[in-house]
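Please examine the sequence and the structure shown below. The paragraphs that follow lead from the sheet to the helices and then to the interior.

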Amino acid sequence: MLITGGTSGIGLAAAQRFAAAGDCVLIAGRDAARGAAALRALPADVRPRVRFYAADVARVADTERLAAACVRAFGRLDVLVNSAGIYVEGAIEEMTEAMFDEVMDIDLKGTYFMCRAALPALRQHAGSAAIINVGSDAGVHGNYFCTAYCAAKGGVSLLTRALALELAHEGIRVNAIAPGDVMTPLTERQIAGAADREAALREMRSVYPLGRIGTAEEAASAICYLASPDAAFITGTILSIDGGLTA
């Protein structure tokens, strides 16, 4: 299987879960040093089943090379997890064209073309093949000062539903998770500028009915479920992992 954005956060947690279950996993990211560090961070017993490949999903050619690399490494590509993404916030008048393009290129364009690149290999495993996209609560409802990110993740949500319909007759399931705030390096960067980190975390937690933010492992658990035979009759769904935020 192939996991983009697999060098940290939800992607890396999913890779560890899949590998612990005996699956072979190719994780991808833009930074080779981070890829090597991610492999070192894995438990020794699962590390032999995980490999890293450097690629930038914002480049269509890289998505094609990535799909081919997974097939070369393991002889198959039956599950694709699109976890690569960046977070950009700010009022609309503060957003530059370059900032807008970057979030769209990675979060939406990268997901779209990674799905396209994986299809030939996924079709070899009709009936068990699955795509799981990592969306966001921001792709389900609007968030303050988050227009570009909401637009990108909203696109991921509808891409998921439309592609699920397109591929259903081929036996390829397409679903997405929509996490709320999850304690990952991306979230750490989001609060890095706060004068009081703990106060910022308390404010972040305060909007969640369950009283806390999520963990990468909880999001990864949902990904593994959607990829499994237990979810064989589920396609086109956007599974909220958000502590009741969008209830």
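In what order do the strands of the open sheet lie? In this predicted model, seven strands form an open sheet in the order E3-E2-E1-E4-E5-E6-E9, and their pairing is parallel. Strand E3 (50–54) and strand E9 (238–241) stand at the edges with a single partner strand each, so one side of each is left without a neighbour in the sheet. On average, neighbouring strands of this sheet are turned by 20° against each other, direction ignored. As background, strands of a sheet pair through backbone hydrogen bonds, either parallel or antiparallel.

The pairings can be followed from strand to strand. Strand E1 (residues 2–4) pairs with strand E2 (residues 25–29) in the parallel sense over three bridges, and Leu2 stands opposite Leu26 in E2. E1 also pairs with E4, again in the parallel sense and over three bridges; here Ile3 stands opposite Val81 in E4. E4 is in turn joined to E5 by four bridges, and the two run parallel. The bridge partner of Leu80 in E5 is Ile131. Between E5 and E6 there are six bridges, also in the parallel sense, and Asn133 has Ala176 in E6 as its bridge partner.

Which way do the residues of E4 point? Val79 and Val81 point one way, Leu80 and Asn82 point the other way, and all are buried. The general rule behind such a pattern is that in a regular strand the side chains alternate between the two faces of the sheet. E6 can be read in the same manner: Ile172, Val174, Ala176 and Ala178 point one way, whereas Arg173, Asn175, Ile177 and Pro179 point the other way, and all are buried. Since eight of the eight residues of E6 are buried, this strand is largely enclosed by the rest of the structure.

Helices lie across the strands. Helix H2 (residues 32–41) lies across E2 and E3 and runs at about 175° to E3. Helix H5 (residues 147–167) lies across strand E5 (129–134), strand E6 (172–179) and E9, running at about 160° to E6.

One residue of H5 deserves a separate look: Thr160 is found in this helix. Is Thr160 buried or exposed? Its relative accessible area is 0%, so Thr160 is buried. Leaving aside neighbours within four places in sequence, Thr160 is in contact with Asn133, Val174, Asn175, Ala176, Gly236, Thr237 and Ile238. The side chain of Thr160 also reaches the backbone oxygen of Val156 at 2.8 Å.

The interior can also be described through its nonpolar side chains. In soluble globular proteins, nonpolar side chains tend to be buried together. The largest nonpolar core here has 31 residues, of which Phe18, Val25, Val81, Ile132 and Ile223 touch the most other members. Helix H1 (9–20), E2, H2, strand E4 (79–82), E5 and helix H8 (216–227) each give two or more residues to this core. H8 gives the most, with eight residues. With neighbours within four places in sequence left aside, Phe18 is in contact with Met1, Ile3, Asp23, Val25, Val81, Ile223, Cys224 and Ala227. Apart from the largest core lies another, of 26 residues, among them Cys70, Ile131, Leu163 and Leu167.

Helix H7 (residues 197–205) shows how burial can be arranged on a helix: Ala200, Leu201 and Met204 are its buried residues. Seen down the axis of H7, these residues fall within an arc of 100°, so they line one face of the helix. This fits a general feature: an α-helix has 3.6 residues a turn, so residues three or four places apart point the same way. What covers the buried residues of H7 includes strand E7 (182–183) and helix H6 (185–191). At the start of H7, a side-chain oxygen of Asp196 comes within 3.1 Å of the backbone nitrogen of Glu198.

A last example is Asp62, which lies in helix H3 (residues 60–74). Asp62 has a relative accessibility of 8% and therefore counts as buried. Not counting residues up to four places away in sequence, Asp62 touches Ala55 and Asp56.

Technical notes
Residues numbered from 1 in each chain as written. Predicted model: local features only at pLDDT ≥ 70, side-chain atom pairs only at ≥ 80, totals over all residues. Heavy atoms only, no water. Buried < 20%, exposed > 50% of the residue type's maximum accessible area, 1.4 Å probe, protein only. Arc of directions from axis to C-beta. Contact = heavy atoms within 4.5 Å. Polar contact = N/O pair within 3.5 Å; in protein donor to acceptor, adjacent residues only side chain to side chain. Pairing = 2+ DSSP bridges. Axes fitted to C-alpha atoms, helices over the stretch in contact; angles between N-to-C directions. Core = buried A, V, L, I, M, F, W, Y, C linked by side-chain atoms within 4.5 Å.
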